[in-house]
Amino acid sequence: IQMNVVWTENSEYTLNEIIEYIEIKFGLLAAQDYYFDVISVVNSISIKPEIFPIYQLKTQVRKAVINKKTILYYKTSYDNLYLLGFYDTRKEIHKF
């Protein structure tokens, strides 16, 4: 059974930030490929949420490696998959 995917405001913001960076730096095609990779991983998680390890035991947050530069943090509750945020290791992307 597939879980309902809930995009938090932070997950939408951080994903858009990364996609914009990729589009500026590498072009539209690279940004589209990246987006499709993300959606593929999210779909896999929604079917089998335990495929990635628990990152934080207390909160049950899991850490999914999208590629060697991007991490997705997520958690589940009942039938919902909450996407908490994306983190890219290229430090110039995130404006903290």
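These legends accompany four close-up views of a predicted model.

**View 1. Five strands make one open sheet.** Reading across, the order is β1-β5-β4-β3-β2, and the pairing is mixed. At the edges sit β1 (4–7) and β2 (54–56), each of which pairs on one side only. Look along the sheet and you will find neighbouring strands turned against each other by 40° on average, direction ignored.

**View 2. Edge strand β1 runs parallel to β5.** Four bridges join β1 to β5, which covers residues 80–88. A handy landmark here is V5, which stands opposite L81 in β5.

**View 3. Two helices lie across strands of the sheet.** Helix α1 (residues 9–26) lies across β1, β4 (70–77) and β5, and runs at about 35° to β5. Helix α2 (residues 28–47) lies across β1, β3 (61–67), β4 and β5, at about 145° to β5.

**View 4. Here is helix α1, with its buried residues.** Its 18 residues reach 25 Å from the first C-alpha to the last, close to the 26 Å expected at 1.5 Å a residue. Which residues of α1 are buried? They are S11, T14, L15, E17, I18, I19, Y21 and I22. As you trace that list, keep the helical repeat in mind: an α-helix has 3.6 residues a turn, so residues three or four places apart point the same way. The cover over the buried residues of α1 includes β1, α2, β4 and β5. Just after α1 comes G27, with a positive phi of about 105°.

Notes:
Residues numbered from 1 in each chain as written. Predicted model: local features only at pLDDT ≥ 70, side-chain atom pairs only at ≥ 80, totals over all residues. Heavy atoms only, no water. Pairing = 2+ DSSP bridges. Axes fitted to C-alpha atoms, helices over the stretch in contact; angles between N-to-C directions. Contact = heavy atoms within 4.5 Å. Expected span 1.5 Å × (residues − 1). Buried < 20%, exposed > 50% of the residue type's maximum accessible area, 1.4 Å probe, protein only.
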